[in-house]
Structure formats: C-alpha cells, structure tokens
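Thanks for coming, everyone. I have one structure to walk through today. Please bring it up on your screens.

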Amino acid sequence: MNIRDLLSVNSIELKGKAATKTEAIEQMVQLMAKRGNIKDVKEYERGVFAREKEGTTGIGEGIAIPHCKSAAVSAPGLAAMILPEGVEYDSLDGQPVKLIFLIAAPDTRANIHLDVLSRLSVLLMDESFTENLKKARTPEEFLQVIDEAEAACAPKEKKIGTLGRIVAVTGCPTGIAHTYMAAEALEKAGSRLGIQIRVETRGSGGVKNVLTEDEIATADGVIIASDTKVPMDRFEGKRLIDCNVAEGISKPEKLIGKIMDGSAEIYHGEKPKTQRSYTHLMSGVSHMLPFVIGGGILTALAFLIDTLMGYSAIGGGAFGSCTPVSAFLKYVGGLSMGLMVPVLSGYIAYSIADRPGLAVGFLGGLLASNGNARFADYDWGDLGGFQKFVADFAFGSPSGGTTVSGFLGGILVGFLAGFIVLGLKKLCAKLPDSLEGIKPTLIYPVVGMFLVALLMCFVFNPLIGLINTGLSAMLTALAGAGLITLLGAILGAMMAIDMGGPINKAAYVFGTGMLATASELMAAGADASDPTVQACYIAMASIMVGGMVPPVGIAIACQFFPKKFTVAERGSRISNLIMGCSFITEGAIPFAASDPAHVIPATMVGAGIAGGLSAFFGCTLMAPHGGIFVFATVGNPLLYIISWLAGSAVTAVMLGFFKKDAVREE
Amino acid sequence: MKEFRHVITDPDGIHARPAGLLVKEAAKYPCSVIMEKDGKAVDAKRIFGVMSLAAKQGQEVIIRCEGEQEEEAAASLERFMKENL
C-alpha cells in the first residue's frame with residue numbers, strides 16, 4: 001500500500017484556513033468526501049470527532065493526523081491540508097498545526113489505519129519531507145513530493161529483504177562435473193539476485209572450499225545440492241534446503257528464493273532424515289513404475305485376446321493363455337511384473353548405499369517376491385543336526401518355503417540391504433588403501449548378499465509364512481461358520497493391503513482352493529446350485545472384486561483430486577484403470593509404496609466394502625482371474641459391477657480426504 | 001543502560017493516542033530513549049518514530065534508556081506501557 005495511492009488530487013488542499021480545530025476537521029471531512037470512498041459523510045464525521053474526544057490527534061511538530069475506522073467508509077483513503085497560518089489544535093506539544101492528514105479506514109479487523117499511520121510516520125520522520133510538502137504549489141506537486149519520498153524509501157526496504165548471504169554445499173558421487181556445475185549455477189544466480197554465495201564442493205576429487213564456522217554462522221541459510229552424504233551437524237538451527245545436485249543446476253534461483261523468503265525449514269537434525277528415507281523410497285517406486293505399467297498392460301492385452309477368442313466362459317485357470325499370442329503376452333507381462341519387487345528393493349538400497357547397494361537390494365527383493373520356494377520340494381533324504389535344523393526351519397514348514405512377502409517385504413528388504421552395505425562400508429573404511437579395488441568388486445557384493453539372504457530366508461520369509469498360515473486358518477473357520485458376507489468383506493480387504501504379499505496371497509490361494517473344492521463337490525455329485533458349491537464361487541467373486549478396486553479407486557482419485565498426486569502418478573491413471581479392469585491389483589503398488597500410511601487404509605476399506613457387497617448380493621465367479629473379461633461368467637453381473645464401483649468410489653473419496661497434497665515438482 | 005521488553009496487549013496496537021502520550025512521557029527525561037521492534041530502532045521521543053514501527057497486538061518491543069536518569073525513565077515508561085499498551 002502506498003500513501004500516494006490513497007490520496008487524490010481533489011482530496012488535497014494547499015491553502016487551507018480554519019479558525020478552530022472543529023472547523024479544520026469539518027473541512028477535512030469534506031475533502032475526504034470528494035474522494036468518493038465515504039458512504040455516509042455525517043456518520044463518518046461523527047466518528048472522527050468521537051476519536052478526537054478520546055485524545056488529540058495533534059501529535060506534535062505542527063502535524064495532526066485525525067483518523068477514524070468506520071463502517072461508513074467503503075475503501076481506505078487519505079485527505080491532506082496545509083494551513084499556512086496554522087490552527088490551534090490542542091496539540092500534544094502545544095504548537096499550532098500547519099499540516100493535517102485525515103485517514104479513513106473501513107471497519108475491518110485488519111486495522112488498516114495503523115498501517116497507513118505507520119507508513120505516513122516513516123515519511124514524516126524526515127523533516128525535509130514536511131518542508132517540501134509545505135512548499136508545494138499545486139496538488140500535483142504535493143503528490144510528486146510524496147512519490148519521490150516513497151520511491152526513496154522503497155528500494156532501501158527491498159534491499160534489506162533480498163540482500164543476503166547463503167552458504168551451499170554441492171556434491172555428486174559419480175563424478176566431478178555435476179558438483180562444479182551446481183556450484184557455478186548457484187554462484188551465478190546469487191550474483192544476479194544480489195546474494196553472496198559461498199559454495200563447498202564435494203566431488204569425487206575430495207572436499208574443496210570447506211565452509212568455516214563463521215561463514216555458516218553469518219549466513220541467512222544453507223543450500224545442500226548433493227547426491228552424496230554431507231556432514232550436517234554444523235548446520236543445526238539454520239534455514240536449510242536439502243535437494244539433489246540436479247536441482248542445484250537447473251533451478252538455483254528457486255532455491256535461493258526459498259531461503260530468502262523464509263519458506264525453507266530450519267534444520268534440527270531429525271527432519272531431513274525422515275525426508276531422506278522418503279527419498280530412498282521414492283527412488284525405488286519411480287524405478288518400479290514402468291515395470292508395473294508395461295507388464296500390467298501386456299497381461300491385460302492377453303485377457304482381451306482370450307475374451308475376443310471366446311474363452312472367457314471356458315478358459316478357467318488357463319484364461320489369458322488360451323491362444324499362443326495371449327500366452328506369449330501373459331508370459332512376458334508376468335516376467336515384467338516379477339521384476340517389480342526386486343527393482344523396488346534394489347533402487348531403495350541404491351539410494352541409501354550408492355552403487356554397491358543395488359545388487360544386494362536386487363537379491364533381497366527377489367527373495368521377497370520368490371520366497372524360499374526353490375528349495376522347498378527338494379528331497380534331501382534323512383538329515384540330522386544343523387542340516388536338519390536348517391531344512392526344517394527355513395524350508396520345512398508347509399507354507400514357509402513358498403511364502404512371498406510382496407512389496408511390503410520388498411520395501412523392508414530394500415532398506416535392510418542399503419543399511420547392510422552402509423555398515424560394510426564403515427567396517428571397510430579402515431582397510432589399507434591397497435584393498436580399495438576389491439571392496440566394490442568382492443567384499444560388498446559377497447558379504448552383502450550373503451547377509452541379506454540369511455536374513456530373508458531364515459528370519460523374514462518364515463515369519464511371513466506364519467502370517468500366511470494363520471490367515472488361511474481364519475478364512476477356513478469363517479467359511480465353516482457360514483458367515484459369507486463377512487468372509488467376502490475380509491477377503492476383499494485382504495486383497496488390497498499388501499497387493500501380492502502374504503495377506504493377499506492367503507486370500508487368493510484360499511479362493512482358488514475354494515474353486516477346487518467346488519469342482520470336487522460337483523464331481524462327488526453335488527449340483528452347481530447347491531449352497532455349499534455356491535459359497536465357494538461367492539468367495540472367489542469377492543476376492544476378484546477386492547483386487548479390482550485399488551487401481552480403479554486410485555485412477556478415480558487422480559481424476560478428481562489431482563492435487564494429491566505427482567505429475568507422474570497422475571499420468572498413470574489410464575493404465576491404472578486398465579489394470580483395475582483386468583484384476584491386476586499391482587497397478588496400485590507404486591501409490592501404496594510411496595505413501596503406505598494413507599493409501600493402504602483407503603484401498604483396504606474400499607476393497608472390503610466391494611467384497612462384502614458382492615458376497616451379500618450372492619455374486620459368484622468360477623474363474624480365478626480375468627477382471628471384466630470374465631464378467632460374462634459372473635452370477636448377478638449387474639450387482640457385481642455395482643459392488644466394484646461402490647468400493648472404488650469409497651477408496652477414491654478416502655484418498656481425497658486423507659492423502660496429503662503431493663509435493664509440486666514443476 | 002537500562003532496557004526492558006514489552007508485548008503489546010492493546011488490540012489496536014501502538015496507535016496515535018498512546019504513542020503521543022508515550023512520547024510525552026519519554027520527553028520528561030534527559031536520557032536517550034530508543035524503541036526497537038524486529039531489529040528496527042527509532043527515537044522514542046519522536047512521535048513519527050514510534051508510530052512508524054506500527055507495533056501491533058502480540059508483538060514485542062524493546063525500550064532502551066541510556067544516560068542521565070535512565071533508571072527513572074525505564075521504570076516510568078515500563079509502568080506506562082503496562083497500563084496503556
């Protein structure tokens with residue numbers, strides 16, 4: 001707000017004359033009325049006089065600033081009068097008043113008149129300003145004096161706001177070019193913006209221009225543009241931005257702006273650490289995404305081809321592989337999706353421990369997605385001692401050997417692998433330099449893989465096997481008790497929690513088991529309409545609808561709540577829709593992996609509702625997969641679709657409510 | 001030097017009327033009186049200085065008195081601030 005803008009030529013009187021204070025104020029109010037911002041002049045005048053009664057506004061040095069905040073005012077405004085002969089105004093210092101400013105402010109909570117008063121005071125502090133005002137011969141000249149005074153003030157204020165000092169650290173693990181490019185970009189942007197920037201570089205050639213304590217202490221903030229670890233303790237309590245080196249090269253102005261406008265957060269040791277773990281997670285998720293989409297769509301194409309060829313009703317378990325072309329697509333799609341979890345774990349570990357982490361993470365992810373199955377069927381013959389313990393504990397239990405921990409296990413093992421390699425790096429730091437070469441080529445991969453495999457095969461996979469076994473027992477008990485709707489709801493929800501992990505697998509295996517039971521019952525002479533047989537098909541229907549909800553729910557949420565998702569996430573909504581329609585729940589995994597705490601509850605509840613509704617309506621399904629391509633074989637297809645859409649809508653709405661806004665990444 | 005801090009409680013902040021009274025009070029003492037808000041310091045004996053700070057409710061100002069009778073000045077100004085602002 002400028003004082004100049006509040007005045008107008010016709011609200012300025014240069015040759016005012018008043019015998020009394022009352023007369024002077026009445027004239028001021030009339031002047032103000034000419035500006036056209038007073039709705040009720042009488043009411044406003046009463047307000048000004050009422051204010052004057054509380055204490056004189058003749059504040060000294062020959063100046064009076066009467067003012068009033070009133071509902072009679074429509075917009076803030078100023079009127080000014082010079083009284084060459086002065087008027088007795090009952091001033092604080094007893095002097096006659098020669099210059100009067102009247103302030104009009106609307107009756108808002110913002111107390112605009114205080115701001116106007118303050119700005120006016122800044123100008124009036126300078127005595128030459130008042131002298132120049134009194135010398136003005138026309139209202140235009142009067143305004144010009146104010147213009148010049150404000151212009152003289154403004155740049156000074158601006159300088160205080162933007163001139164500053166920033167310290168920065170750039171670094172890159174793989175080479176030196178990025179480190180120096182970022183340093184140069186920051187320095188150049190700084191000199192453009194009038195900010196002094198000191199950059200410490202941490203290239204592979206070592207650390208240069210180390211920041212001194214003094215430099216850090218006097219800086220307005222810290223920019224870390226680095227892909228390597230930077231010692232952070234020294235920045236405690238400073239405004240800090242932690243980003244990767246690419247951002248330092250591409251948007252230095254933005255980073256500097258964030259420090260200078262105070263929007264960067266103050267570093268307190270803890271916070272960036274959690275942000276770091278998010279960075280690791282996102283590294284895994286972003287690399288996984290193409291595998292999910294590519295593999296998912298190819299698999300969906302396989303289903304489409306089989307539907308066109310008329311296998312949807314008779315394909316059964318082989319649906320999707322009934323023709324050579326569809327079988328090819330399903331095989332390739334399946335392989336691509338099989339890489340999903342290893343890539344997720346691998347790139348989480350890579351983000352934590354750099355290149356040596358990648359291989360260890362891949363192996364861990366492969367063990368999470370394949371389980372210990374490879375050894376399960378091998379007949380070792382009679383064993384004793386330690387050998388027997390290993391065989392029984394890791395591979396012996398019926399489900400222990402075949403259980404996969406899915407993407408949740410993949411996330412876990414990714415972090416595990418990363419920290420194992422970090423630990424190895426620390427341990428190896430003391431080794432003589434002559435062994436430097438064999439660290440990444442021998443020690444990290446061999447020891448790292450061995451450790452991660454040990455933990456997966458002997459700790460996590462058996463533990464997850466227990467979960468799986470327990471859940472299967474619960475489902476069988478529910479089916480035995482005849483609680484079909486509840487069973488449907490639980491089956492649906494289970495499909496959408498870990499999407500390929502032990503919970504999902506327990507539900508799906510239970511469903512295919514039910515299909516087998518149904519065919520056994522019918523082989524034994526039961527009719528297809530027998531309630532026991534129907535119950536088996538109802539369970540399978542709930543499972544499939546539960547698995548179809550998450551990707552579709554997310555696709556709907558992307559459409560209606562775009563703020564909650566990143567650009568890349570929103571871009572995958574069409575593929576998610578296709579995958580949802582094809583019962584490829586994995587489409588939801590990148591979303592669930594990047595924000596499990598908000599996404600999984602939403603998909604779980606939505607899928608549970610869909611599964612429960614489907615069972616309640618008595619929808620049946622005789623095929624173990626296929627999505628919309630086998631809807632023709634579903635009993636009560638219309639109600640089935642309604643259950644599916646209802647569940648998806650619930651998921652979408654829950655995402656809209658609970659998910660936080662995505663970080664903008666223009 | 002004597003200094004004290006005060007958080008403004010008046011819902012209107014330091015507006016013209018109390019600002020005038022504050023200046024009057026400060027002018028009674030021969031010592032220098034500086035008023036500071038957010039790192040900006042002004043002469044508390046000049047009305048436009050005090051008002052240019054635009055101190056609002058909830059904001060903190062620091063008053064520094066230095067010179068002859070600084071003790072009395074600080075004590076009386078602190079009392080004044082507590083009663084009026």
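How much area is buried between chain A and chain B? About 1,700 Å². Carbon and sulfur atoms give 62% of that. Keep in mind that this is a predicted model.

Let's look at who touches whom. On one side, 21 residues of chain A are in contact; on the other, 18 residues of chain B. What about charge pairs across the interface of chain A and chain B? The rule finds zero salt bridges there. Polar contacts between chain A and chain B, with both residues at pLDDT 80 or more, also come to zero residue pairs.

Now the side of chain A that touches chain B. Three elements give two or more residues to it: helix H3 (41–54), strand S2 (58–60) and helix H4 (112–124), all of chain A. Which one gives the largest share? That is H4(A), with seven residues. By type, this side of chain A has ten nonpolar residues, six polar and five charged.

Next, salt bridges in general. Side chains of opposite charge can pair when their charged atoms come close. Over all chains, the whole structure has 17 salt bridges. One involves A:Lys21 and A:Glu52. Their closest N and O atoms are 3.0 Å apart. Where do these two sit? A:Lys21 is in helix H2 (residues 21–34) of chain A, and A:Glu52 is in helix H3 of chain A. The pair links distant parts of the chain, 31 residues apart. Remember helix H3 of chain A: we met it at the side that touches chain B.

Last stop, a pocket. I'm taking the second largest one, with a volume of about 880 Å³. How many residues line it? The count is 26. Nearest its centre lie A:Met337, A:Gly500, A:Asn504, A:Tyr508 and A:Glu586. Several helices of chain A give two or more residues to this lining. Among them are H11 (270–308), H12 (324–338), H16 (406–428) and H19 (502–523). H13 (340–353) and H14 (355–370) belong on that list too. The lining divides into 14 nonpolar residues, nine polar and three charged.

That's my tour. Over to you for discussion.

Definitions and conventions:
Residues are numbered from 1 along each chain as its sequence is written. Chains are lettered from A and ligands numbered from 1 in the order in which they are written. This is a predicted model: local features need pLDDT of at least 70, side-chain atom pairs count only at pLDDT 80 or more; totals for chains, interfaces and linings use all residues. Side-chain values use heavy atoms; hydrogens and water are left out. Contact means heavy atoms within 4.5 Å. Buried area is the accessible area (1.4 Å probe) that two parts lose on being put together, summed over both. A salt bridge is a side-chain nitrogen of Lys or Arg within 4 Å of a carboxyl oxygen of Asp or Glu. A polar contact is a pair of N or O atoms within 3.5 Å; within protein, one must be able to donate a hydrogen and the other to accept it, and residues adjacent in sequence count only if both atoms are side-chain atoms. Helices (H or I, at least four residues) and strands (E, at least two) are DSSP runs, numbered from the N terminus. Ala, Val, Leu, Ile, Met, Phe, Trp, Tyr, Cys and Pro count as nonpolar, Asp, Glu, Lys and Arg as charged, and the others, Gly among them, as polar. On a 1 Å grid over the protein atoms alone, a cavity is a set of points where a 1.4 Å probe fits but cannot get out, and a pocket is an open set with protein on both sides within 12 Å along at least five of seven lines; lining residues have an atom within 4 Å of a point. Grid points are joined across faces, edges and corners, and a volume is the space filled by probe spheres set on the points.
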